[in-house]
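The following exercises introduce one protein model step by step. Each task is followed by a worked solution, and the reader is invited to attempt the task before reading on.

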Amino acid sequence: MAATLAGVALRAGCVNFATTTRIKQRVYYPCASPALGPSVVVGLKNLKTGPLMKDCLFCRVVSGEIPAKKVYEDEHTFAFEDINPQAPTHVLIVPKKHIRGLKEASQEDADAIGRCHLTAAHIARQRSIEDGYRTVLNVGAKAGQSVFHLHVHLIGGRNLQWPPG
Ligand code: 5GP
Ligand code: ZN
């Protein structure tokens, strides 16, 4: 897979160079899907989880380029404190793979999205907020989605109103 991507990048006249970690390479590669954005993307590729997008805020959080208060990390999932918390617990859980949002997700993303929710439940258990918390996916700008890398909000630690605004 890595060799294939490197080959594509080289054929496209781009540069490919390894960084210090074993699983990450900086790659220049043509974008295969319109859903992924511009025709040529430069980014970090985690060899286990797929491309990270240079212009995506949460890909840059996942890669460590933008600092965040990490709450949890595994091979597929990354969780961190929201910078503007709306409740005593407000954690964002993201798949390491760049998925633009729920409406752009495909069948092959089911596992990654499910893992985000299970990670939310795990964090809620750890924080003893299981008497009431909410997991939220804002889908599209009209629903308040402002960062276009799929993320689950875990909100809890206070009484929550229904319906949400
Ligand atoms: P959305 O509005 O897309 O559903 O949620 C995006 C969330 O990301 C917001 O709750 C916002 O406060 C949070 N956020 C935006 N920029 C940053 C950042 O740079 N770091 C962190 N930790 N959270 C961010
Ligand atoms: Zn991303």
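Two strands pair if DSSP finds at least two bridges between them. Helices (H or I, at least four residues) and strands (E, at least two residues) are DSSP runs, numbered from the N terminus. This is a predicted model, in which local features need pLDDT of at least 70, side-chain atom pairs count only at pLDDT 80 or more, and totals for chains, interfaces and linings use all residues. Residues are numbered from 1 along each chain as its sequence is written, while chains are lettered from A and ligands numbered from 1 in the order in which they are written.

**Exercise 1. Establish the secondary structure of the protein chain.**

Solution. Step one is the count: the chain has 3 helices and 9 strands. Step two is their order, which from the N terminus on reads α-β-β-β-β-α-β-β-β-α-β-β.

**Exercise 2. Determine the order of the strands in the open sheet of 5 strands, and state how they pair.**

Solution. The strand order is β5-β6-β7-β9-β8, with antiparallel pairing. At the edges stand β5 (70–73) and β8 (133–136), each of which pairs on one side only. On average, neighbouring strands of the sheet are turned by 20° against each other, direction ignored; axes are lines fitted to C-alpha atoms, for helices over the stretch in contact, and angles run from 0 to 180 degrees between N-to-C directions.

The individual pairs can then be followed. Antiparallel strands β6 and β7 are joined by 5 bridges, and E81 has V91 in β7 as its bridge partner. Another 5 bridges link β7 to β9, again antiparallel; here H90 is opposite I155 of β9. Finally, β8 is joined to β9 (residues 152–156) by 4 bridges, also antiparallel, and Y133 faces G156 in β9.

**Exercise 3. Is β7 largely enclosed or open, and why?**

Solution. The criterion comes first: a residue is buried if 20 or more other C-beta atoms, placed from the backbone, lie within 10 Å of its own, exposed if 12 or fewer, and partly exposed in between. Because 6 of the 7 residues of β7 are buried, this strand is largely enclosed by the rest of the structure. For the chain as a whole, 25% of the 165 residues count as buried.

**Exercise 4. Identify the helix that lies across β5, β6, β7, β8 and β9, and describe the largest nonpolar core.**

Solution. The helix is α3 (residues 110–126), which lies across these strands, including β6 (77–81) and β7 (89–95), and runs at about 155° to β7.

A nonpolar core is a set of buried Ala, Val, Leu, Ile, Met, Phe, Trp, Tyr and Cys residues joined through C-beta atoms within 7 Å. The largest one has 23 residues, and V62, I93, V94 and L154 have the most contacts inside it. Two or more residues each are given to this core by α2 (57–63), β6, β7, α3 and β9.

Contact means that the C-beta atoms of two residues, placed from the backbone, lie within 7 Å. Leaving aside neighbours within four places in sequence, L154 is in contact with T89, V91, I93, A120, I123, A124, Y133 and T135.

**Exercise 5. Compare the surroundings of L150, I66 and S128.**

Solution. L150 belongs to the loop between β8 and β9 and is buried because 26 C-beta neighbours lie inside 10 Å. Its C-alpha atom is 8.5 Å from that of I113, although the two residues are 37 apart in sequence.

I66, in the loop between α2 and β5, counts as exposed because it has 12 C-beta neighbours inside 10 Å. Beyond four places in sequence, its contacts are L57, R60 and V61.

S128 lies in the loop between α3 and β8 and is exposed, with 10 other C-beta atoms within 10 Å. Its phi is positive, about 55°, although S128 is not a glycine.

**Exercise 6. Locate the cis peptide bond between W162 and P163.**

Solution. The bond from W162 to P163 is cis, with omega near 0°. P163 itself is in the segment after β9.

**Exercise 7. Which residues come nearest to ligand 1?**

Solution. A residue is near a molecule if its C-beta atom, placed from the backbone, lies within 6 Å of it. Around ligand 1 there are 14 residues, of which I83, N84, N138, S146 and V147 come nearest.
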